[in-house]
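Me: Could you take a close look at one part of this model for me, the sheet and what packs on it? If there's room afterwards, pick out a residue elsewhere that you'd like to show me.

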Amino acid sequence: MLTIAAAIEFLEQLAPPGLAADWDNVGLLLGDRATEVQRLMTCLTVTPDSAAEAIEAGAQLIVTHHPILFRPVKRLTSTTPEGRMILALVRAGAAVYSPHTAFDNAGSGINEILASRLELRDMAPLRRRTGPRQYKLVVFVPDTDLERVSDALFAAGAGHIGQYSQCSFRLAGTGTFFGSEAARPTVGQKGRREEVSEWRLEAVCPEASVEQAVAALRRSHSYEEPAYDVYPLQPKPSSHGEGRIGRLPRPMRLGELGKVTKTLLNSNGLQLVGDPEEPVEKVAIVCGAGGEFLPDAVRVQADVFITGELRFHDYLAAQANELALLLPGHYASERLGVEELAARLQRRWPEIEVWASRRERDPVRWI
């Protein structure tokens with residue numbers, strides 16, 4: 001029996017939520033994780049038409065690329081189109097999950113699907129993300145505390161480097177202190193300067209574990225006032241990122257690539273900025289509305305930037321930087337991913353019915 005929880009587990013392996021943009025609203029947005037799923041529909045956007053299709057077909061789960069409830073709401077009533085649509089989904093028991101930018105950015109997500117269909121080589125993220133923020137935790141301990149404090153730090157989450165755990169560095173040295181009359185030193189005496197043999201113990205620690213690691217070292221340390229430092233580390237580049245950059249198997253004219261892209265995406269039309277006869281080879285891709293990535297395409301010296309839609313002033317900026325543009329429309333640039341996702345879900349669970357919305361259409365018409 002497939003449950004929404006099991007479907008979510010698969011979706012989050014395919015498109016880990018940590019890959020989503022900070023501003024996004026991904027995950028299970030409506031529904032009960034324990035619900036059994038017999039029918040599942042994917043779509044680009046939950047609209048009155050696609051919602052009605054899912055309800056009429058008896059879908060228990062809708063996987064939509066664009067999230068519902070994207071902005072905070074204070075009330076859901078039948079006085080608004082969104083309210084009527086969501087209330088209808090609730091009454092029908094249809095859950096809604098959105099992977100959105102996590103699926104855009106995933107290793108097998110929409111940007112990579114588009115790049116693969118164009119047979120791009122030497123693919124890499126257009127904009128690399130940085131790895132998780134790390135800190136260096138340094139504490140000074142007497143010999144009798146060394147193993148106890150080390151074990152406490154490791155148990156609290158410090159000391160992980162790649163595939164290795166319990167990583168630390170230890171350096172012997174001499175510490176000094178002068179305790180006041182109110183002090184209660186563990187070693188030596190108050191009222192005079194003491195010199196004590198100590199170890200400098202240091203370990204890396206993820207940002208999320210720093211607070212509990214500091215608490216652990218204080219609990220396990222015998223000193224009344226343990227000396228420790230917490231240093232922020234420069235984030236390392238990640239293998240993950242947004243968009244894709246790669247090279248065509250052979251250089252081709254911009255106009256030719258435009259025709260290939262239009263056919264590939266089944267687009268109603270395609271806007272072109274640049275000389276159709278100009279040869280292009282290095283291609284940057286961002287599905288949807290990729291305006292914020294235009295500087296990245298310029299930075300990596302792409303010949304052409306393929307994205308769903310841009311603003312007029314982005315066209316001018318691209319021209320000024322001698323960057324060609326191919327714009328098949330927001331819908332066309334992402335619908336391919338919705339269909340591919342439905343196919344993957346159907347292969348994973350052949351016993352249920354999975355389909356990409358049949359009523360969904362590009363709202364833009366070309367005349």
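**The open sheet**

Reply: Sure. Keep in mind that this is a predicted model. The part to look at is an open sheet of four strands, which run in the order β8-β9-β7-β10 with antiparallel pairing. At its edges sit β8 (169–178) and β10 (228–232), each of which pairs on one side only. Go from strand to neighbouring strand and you'll find them turned against each other by 30 degrees on average, ignoring direction. As general background, strands of a sheet pair through backbone hydrogen bonds, either parallel or antiparallel.

Now zoom in on β8 and its partner β9 (residues 193–206): these two pair in the antiparallel sense over 10 bridges. If you want a spot to click on, try Gly175, whose bridge partner in β9 is Val196.

Then there's a helix to add to the picture. α6 (residues 146–155) lies across β7 (134–142), β8 and β9, and runs at about 160 degrees to β7.

For the residue elsewhere, I'd pick Glu340, which has its place in helix α11 (residues 330–348). Is Glu340 buried or exposed? Its relative accessible area is 19%, and the cut-off for buried is under 20%, so Glu340 counts as buried. Leaving aside neighbours within four places in sequence, Glu340 is in contact with Ile113, Arg117 and Arg347. Thr42 is worth a glance too: Glu340 and Thr42 are 298 residues apart in sequence, while their C-alpha atoms are 9.6 Å apart in space.

Methods. Residues are numbered from 1 along each chain as its sequence is written. This is a predicted model: local features need pLDDT of at least 70, side-chain atom pairs count only at pLDDT 80 or more; totals for chains, interfaces and linings use all residues. Side-chain values use heavy atoms; hydrogens and water are left out. Two strands pair if DSSP finds at least two bridges between them. Axes are lines fitted to C-alpha atoms, for helices over the stretch in contact, and angles run from 0 to 180 degrees between N-to-C directions. Contact means heavy atoms within 4.5 Å. Buried means under 20% relative accessible area, exposed over 50%, partly exposed in between (1.4 Å probe, protein chains only).
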